[in-house]
Amino acid sequence: MSLASALKTSDVTLLPGKRDEDWKWTDLRGLLRVLPPPSQPFMGEAPVGPFAALANLPIHVVNASDPVVVRSASAAPYVVALHFAALGGGSHSATAQIEVAEGANLILLESYEGDDADYVANLDLKITVGANGRLERIVLAADGANGVSVSTADVTLGIGAQLVQTVLTDGARRQRIETRVAHPGAGASVRLDGAYLLAGKRHADLTTVVEHQGLDGTTSQLTKGVVRDQSRGVFQGRILVAKGADRTDARMGHHALILSDKAEIDAKPELLIFADDVQCAHGNTIGAFDEDALFYAQQRGMPEDVARALLTEAFVGEVIDRIEHDGAREVAKTWAAKGLGL
Amino acid sequence: MLSISNLHVEIDGKPILKGLTLDIPAGEVHAIMGPNGAGKSTLSYVLTGRQGYEVTEGTATLDGEDLLSLEPSERSARGVFLSFQYPLEIPGVPALTFIRTAMNAQRKARGEAEITAPAFLKLAKATAASLKIDFEMLKRALNVGFSGGEKKRMEIFQMAMLSPRFLILDETDSGLDIDALKIVADGVNAMRGPDRAMLVITHYQRLLDYIKPDRVHVLAGGRIADSGGPELAHELEREGYDKYARAA
């Protein structure tokens, strides 16, 4: 059951849907009665995405085409911008393979873009980070309002490896960005952050699965969301600590603001712990705007719209401030300001 | 300066203020004392425009202009400042960013140009020094993780920065030890002047040893039950509010 297999066979019954526990809030089966025909090859100047200027190696792909393979063995940080665009409608499925060699350091600035057409886009990434390697992955998803897109990254970490990731999205007609991490413990560390800013009828689903398989692993997660109008945000975070994966330190936070009566958040933080000696915690808060803080800011002179914007930007800013790459953080700030209508 | 006449205010249909009349001329400091639940904080919130406080009768004007029809930010731009009894924590917004945003919003509302970054920093540094506030603290998120005393000091800092004309101090002494109280009182006293007026709301007389009022009013039963000179505060400290509670 996956969008990739449904696209491959043109069989809509293979689409994941609400009968699948992990897809119950992002129902593709119920949404897509038929799959659109394959996307046409794109003729014209391909968009390069928001990160191209920051990269040592910019790569851009329109409507899938050939598999992308990136191998990095550079110990000094090497920046790759990877841009996937869905243009002119239709359906397509892309794959990318990212290999960070032992001790290497890769900054992967990934971005998605879609136009106003109806499209269905799938992306599968296989990512490996070798022993003591480091990957900073930023994903900025800017899908179209009529697009359906799924991005799934399978990450395998070596001992002592580091993964730091931030996913930023403003959703799509239906969208899921999923990250699955095989965590060996052994001094490896994972930071998985995310922010979603949704308006209109957009839908975004940030799903993560981290499996701690050995001793001494750490995971830290912070996801924040703001939903307006009739939009819907989904957060599913699962951390599994296998038997014997002692001294695991795992922390998960998901905090969201609902700014309209018709917007919706569905959140499922899950800690599945089969080891004895672990430190795990999760916090999940979903609420309306803090009216007391709003009045406080107004009393100091800020008109209501200025006060709301300042406080909302600060709310999301906590995630953005954790982005380490300076250029990517600036792009993210601009993205947030635009998404919040500042 | 501030003129309140026959003010009636309800919260959720429950009358809290029942015909309050008060005049505070420019240059004067007036204290409002009263038992818990008398409506002291209600008065501060209704003057600053907080939602949920319904004015059913009466007026409040600042220099003749109706305050009650203005938005909270408009009142602020005209110089009304409330030092909160419980200052809010603002996660993610450095104190300096918050105050600069507020200051520029006020300036914009008054048709003035924004303050330049160097001028703002210079003002902030001088003001922080006078209130014995560590400048590094102003780079942290406003009030987040601050002690009660630090939060009150930040209120006075914001007041000094924004330079309001009409100041309301709501239980500013609560949570302050004696050293912090002196610093805060010095900060407030430094703002006294012929063009400013202050309304000091307090439950205890202690604060008034440091911020000396021109007039003292007793708020009980939703209206001003008694008024007098500074000696009234001492009398209340000795005798309590019992007689007003009975009268109400």
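## How chains A and B meet, and how each is built

In this predicted model, 20 residues of chain B are in contact with 16 residues of chain A; two residues are in contact if their C-beta atoms, placed from the backbone, lie within 7 Å. Helix 2 (72–77), helix 3 (95–109) and helix 5 (148–162) of chain B each give at least two residues to the side of chain B that touches chain A. Helices (H or I, at least four residues) and strands (E, at least two) are DSSP runs, numbered from the N terminus. Helix 3 of chain B brings the largest share of that side, five residues. Sorted by class, the side of chain B that touches chain A holds 12 nonpolar, seven polar and one charged residues. Here Ala, Val, Leu, Ile, Met, Phe, Trp, Tyr, Cys and Pro count as nonpolar, Asp, Glu, Lys and Arg as charged, and the others, Gly among them, as polar.

A word on reading the model: residues are numbered from 1 along each chain as its sequence is written, and chains are lettered from A and ligands numbered from 1 in the order in which they are written. Local features need a pLDDT of at least 70 and side-chain atom pairs count only at pLDDT 80 or more, while totals for chains, interfaces and linings use all residues.

The predictor gives the complex an ipTM of 0.95 and a pTM of 0.83. Chain B has an average pLDDT (the predictor's confidence in each residue, from 0 to 100) of 92, with 98% of the residues scoring at least 70. Within chain B, confidence is highest in helix 2 of chain B, at 97, and lowest in helix 9 (residues 242–247) of chain B, at a mean of 72. Where pLDDT is low, the predicted coordinates should not be read in detail.

Now to the helix packing in chain B. Axes are lines fitted to C-alpha atoms, for helices over the stretch in contact, and angles run from 0 to 180 degrees between N-to-C directions.

| Helix pair in chain B | Angle | Axes |
|---|---|---|
| Helix 4 (residues 117–130) of chain B and helix 5 of chain B | about 135 degrees | 10 Å apart |
| Helix 5 of chain B and helix 6 (residues 178–189) of chain B | roughly 10 degrees | within 10 Å |

Helix 4 of chain B is therefore oblique to helix 5 of chain B, whereas helix 5 of chain B is roughly parallel to helix 6 of chain B. Angles under 35 degrees count as roughly parallel, over 145 as roughly antiparallel, 65 to 115 as roughly perpendicular and the rest as oblique. B:A160 in helix 5 of chain B takes part in the contact with helix 4 of chain B and in the contact with helix 6 of chain B. The contact of helix 4 of chain B with helix 5 of chain B has six nonpolar, one polar and no charged residues.

Chain A offers an open sheet of eight strands in the order 2-4-6-8-10-12-14-16, with parallel pairing; two strands pair if DSSP finds at least two bridges between them. Strand 2 (68–72) and strand 16 (264–273) of chain A stand at the edges with a single partner strand each, so one side of each is left without a neighbour in the sheet. The twist averages 5 degrees from one strand to the next. Inside this sheet, strand 10 (residues 174–183) of chain A pairs with strand 12 (residues 203–212) of chain A over eight bridges, and A:V181 stands opposite A:V210 in strand 12 of chain A.
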